[in-house]
Each structure stands twice: as C-alpha cells, then as structure tokens.
Amino acid sequence: MNVEITNTVYVLNGPNLNLLGTREPDIYGHDTLDDIAGMLEDRARELGLDIDMRQTNHEGHLVDWLHEAQAQGARAVLLNAAAYTHTSIALLDAIKAIRTPVIEVHLSDPATREDFRHRSFVGMGAVRCVSGHGANSYLIALDAVPNL
Ligand code: DQA
C-alpha cells in the first residue's frame with residue numbers, strides 16, 4: 001500500500017500534558033499545550049508544513065494515532081509520550097510497525113531525573129530525541145523534520 005506523503009506533521013502528546021502551564025512549572029515551564037501548538041503552527045508555516053496536534057491520557061489512543069499517521073501519509077510524528085515513554089512496549093512496537101519517522105520529544109531531560117525515567121521505549125524506535133529545552137524542544141524537533 002503506497003500512501004502519498006503529505007506536509008502534515010502529527011504532534012502527539014501523552015498523559016498529564018493537558019495540564020502544562022500549571023503542572024510542576026519548575027520542571028515543565030509555564031507554557032500551556034495551546035501555547036506550544038501556536039508556536040509550532042507559526043514555525044510550521046515558515047517551513048511549509050502543517051501541524052496536527054493532539055493530546056490524550058490513554059495509551060491506546062497514541063497507538064491508534066501512530067497507525068493513523070502512516071495511513072494518512074504524515075511527513076513525521078513528534079511524540080511526547082510523557083510517562084508512557086518509560087513503560088510502553090506497545091508504543092515501541094507501534095513506532096517500529098510504521099514507516100513514518102518518529103522524533104521523541106520531552107520538555108525536561110529525563111536522563112538527568114529519577115532513575116525510572118532513564119529508560120525510554122520510545123527512544124528505541126525513534127529516529128532522534130530532543131529533550132531538556134522546555135517548549136523549545138518541540139520547535140527544535142520540528143526544525144529537524146525537513147532533513148529527515
Ligand atoms: C516528559 C518527561 C516524562 O518523564 C514525564 O513522565 C512527563 C513529561 C517531558 O516532557 O519532560 O510526563 O515527557
């Protein structure tokens with residue numbers, strides 16, 4: 001099945017990221033997910049890309065959206081799977097099951113936090129990882145898309 005590749009970049013966000021802005025702002029900053037969506041849309045326009053930004057607290061939704069990204073011919077996926085990053089073999093399998101390149105994104109740098117955040121199942125399938133730059137992590141990841 002050959003799907004035409006589009007200019008759309010899926011930006012998928014996992015659990016608790018709907019609370020950005022008020023959630024542990026010392027770690028995750030003061031930008032809300034809507035603020036980040038606005039920043040991404042502005043940058044995407046400059047790059048000739050479109051953003052499809054989503055958030056869910058449910059693991060299976062992320063799996064379904066990864067499949068959908070391939071079926072819809074998404075150019076790439078930026079994935080902040082939040083805590084599922086560190087637990088979800090289902091997400092790793094989904095990333096490996098699709099040809100759409102996936103960039104792992106984190107606001108904080110999990111590698112410098114608690115030990116349980118050091119393992120990333122998402123990272124085992126992603127083409128690269130951008131972490132530790134706050135909301136800018138998403139922009140840095142988007143900038144990488146044209147060169148994938
Ligand atoms: C996060 C880091 C994860 O360890 C954590 O579970 C999150 C957010 C980040 O963006 O820094 O929910 O993905």
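**Close-ups around Thr85 and the overall fold**

**View 1. Who touches Thr85.** Skip the neighbours within four places in sequence, and Thr85 is in contact with Glu104, His106, Arg119, Ser120, Phe121 and Val122. Keep in mind that this is a predicted model.

**View 2. Where Thr85 sits.** Thr85 belongs to the loop that runs between strand S3 (76-80) and helix H4 (89-97). Being in a loop doesn't leave Thr85 out in the open here: the relative accessible area of Thr85 is 0%, so it counts as buried, the cut-off being under 20%.

**View 3. The fold, piece by piece.** Count the elements and you get 5 helices and 5 strands. Walk along the sequence and they come in the order β-α-α-β-α-β-α-β-β-α. Among the contacts with a separation of 6 or more, 78% are between residues 24 or more positions apart.

**View 4. Overall dimensions.** The C-alpha trace spans about 45 × 35 × 25 Å along its principal axes. How does the radius of gyration square with a compact globule? For 148 residues such a globule would come out near 15 Å, and the protein has 14 Å, so the two agree.

**View 5. Inside and outside.** Of the 148 residues in the protein, 47% are buried, Thr85 being one of the buried residues. On the outside, the accessible surface adds up to about 7300 Å², with 46% of that belonging to carbon and sulfur atoms.

**View 6. Charged side chains.** The tally is 11 positive and 20 negative side chains. Take the centre of each set, and the two centres lie 6 Å apart.

Definitions and conventions. Residues numbered from 1 in each chain as written. Predicted model: local features only at pLDDT ≥ 70, side-chain atom pairs only at ≥ 80, totals over all residues. Heavy atoms only, no water. Helix = DSSP H or I, 4+ residues; strand = E, 2+ residues; numbered from the N terminus. Buried < 20%, exposed > 50% of the residue type's maximum accessible area, 1.4 Å probe, protein only. Contact = heavy atoms within 4.5 Å. Rg over C-alpha atoms; globule rule 2.2 N^0.38 Å. Areas by Shrake-Rupley, 256 points an atom, 1.4 Å probe, with all protein chains shown as cover. Lys, Arg positive; Asp, Glu negative; His and termini not counted. Charge placed at Lys NZ, Arg CZ, Asp CG, Glu CD.
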